[in-house]
Amino acid sequence: MVIRAAAPADWPALRSLWRRSVAATHDFVSRDDLDAIGRALIPCYFPAMQHIWLATDAAGRPLGFVGSRERSIEMLFLDPDVFRQGIGTALLRHACACLPPPDDAPVRLDVNEANEPALRFYLAQGFVVIGRSPLDGDGRPYPLLHMERR
């Protein structure tokens, strides 16, 4: 596995990977909302990231990606074919190591409350729940858990 910075030319492949990932993990999100989010990835969400790191296999096939802004992990998605193989952990560690100083400041992220596997993953990575919002960042009715790790 190789982790490298994603370029705008990678974004269509990342959107495709995102679609496969959310199809496997986000059954609580309506199809209309998933379609709207998918349409916004390339023009809105990806450009808003300071960094997007892409994990690929030896042939260059995308396995997963993580996006960050400031000291916050904003997105982490994996190809469902590689769930539970350590790629999410490697991407998260890489992104956290590349966050801006101060290094002793907490790393923050939000996770959908209904995405129990992701919640368990972040808890296992040392994150703790510090709050909850009844709506997602775009005002949709998908509660978020706010997490941080020091």
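**Figure 1. The cysteines C96 and C98 in a structure with zero disulfides.** The predicted model holds zero disulfides. C96 takes part in none, and its nearest cysteine sulfur, that of C98, is 9.4 Å away. A disulfide needs two cysteine sulfur atoms within 2.5 Å. The sulfur of C98 has its closest cysteine partner, C96, at 9.4 Å, which is too far for a bond. The surroundings of the two residues can be compared by accessibility. C96 is buried, at a relative accessible area of 13%. C98 counts as partly exposed, at 30% relative accessibility.

**Figure 2. The whole chain, with four helices and seven strands.** Read from the N terminus, the elements follow the order β-α-α-β-β-β-α-β-α-β-β. The C-alpha atoms fill a box of roughly 40 × 40 × 30 Å along the principal axes. A compact globule of 150 residues would have a radius of gyration near 15 Å, and the chain agrees, with 15 Å. Of the 150 residues, 44% count as buried. Contacts with a separation of 6 or more were also sorted by distance along the chain. Residues 24 or more positions apart account for 56% of them.

**Figure 3. The largest nonpolar core, of 23 residues.** I73, L91, V111 and Y122 have the most contacts inside this core. Several elements build it. Strands β2 (51–56), β3 (62–69), β4 (72–78), β5 (107–112) and β7 (144–149) each supply at least two residues. Helices α3 (87–97) and α4 (116–124) each do so as well. The largest share, five residues, comes from α3. In soluble globular proteins, nonpolar side chains tend to be buried together.

**Figure 4. Y122 and its contacts, with a note on another core.** Y122 is among the residues with the most contacts inside the largest nonpolar core. Neighbours within four places in sequence are left aside here. Beyond them, Y122 is in contact with L76, L92, L109, V111, F127 and M147. V111 is itself one of the residues with the most contacts inside the largest core. Another core, of 18 residues, lies apart from the largest one. Its members include L14, L17, V29 and L34.

**Figure 5. Helix α2, residues 31–45, and its bend at R39.** A straight helix of 15 residues would span 21 Å at 1.5 Å a residue. Helix α2 spans only 18 Å between its end C-alpha atoms. The helix bends by about 35° at R39. A proline, P43, follows within four residues. The buried residues of α2 are D33, L34, I37, G38, A40 and L41. Helix α1 (11–25) is among the elements that cover these buried residues. L34 also belongs to the core of 18 residues.

**Figure 6. R71 and its contacts across the sequence.** R71 sits in the loop between β3 and β4. R71 counts as buried, because its relative accessibility is 13% and the limit for buried is under 20%. R71 and V107 are 36 residues apart in sequence, but 5.3 Å apart in space, C-alpha to C-alpha. Which residues does R71 contact, leaving aside neighbours within four places in sequence? They are L99, P100, P101, P102, D103, A105, P106, V107 and R108.

**Figure 7. The loop between α3 and β5, with P102 and D103.** P102 lies in this loop. The peptide bond from P101 to P102 is cis, with omega near 5°. D103 is found in the loop too. D103 counts as exposed, at 67% relative accessibility. Even so, D103 is among the contacts of R71. D103 and V129 are 26 residues apart in sequence and 20 Å apart in space, C-alpha to C-alpha.

**Figure 8. Positive phi at E70 and R84.** E70 is not a glycine, yet it has a positive phi of about 55°. E70 is placed in the loop between β3 and β4. That loop also holds R71. R84, likewise a residue other than glycine, has a positive phi near 65°. R84 is placed in the loop between β4 and α3. Is R84 buried or exposed? R84 is exposed, with a relative accessible area of 86%.

Conventions: Residues are numbered from 1 along each chain as its sequence is written. This is a predicted model: local features need pLDDT of at least 70, side-chain atom pairs count only at pLDDT 80 or more; totals for chains, interfaces and linings use all residues. Side-chain values use heavy atoms; hydrogens and water are left out. Buried means under 20% relative accessible area, exposed over 50%, partly exposed in between (1.4 Å probe, protein chains only). A nonpolar core is a set of buried Ala, Val, Leu, Ile, Met, Phe, Trp, Tyr and Cys residues joined through side-chain atoms within 4.5 Å. Contact means heavy atoms within 4.5 Å. The expected span of a helix is 1.5 Å times one less than its number of residues. The bend at a residue is the angle between axes fitted to the seven residues ending there and the seven starting there. The radius of gyration is taken over C-alpha atoms; the globule rule is 2.2 Å times the number of residues to the power 0.38.
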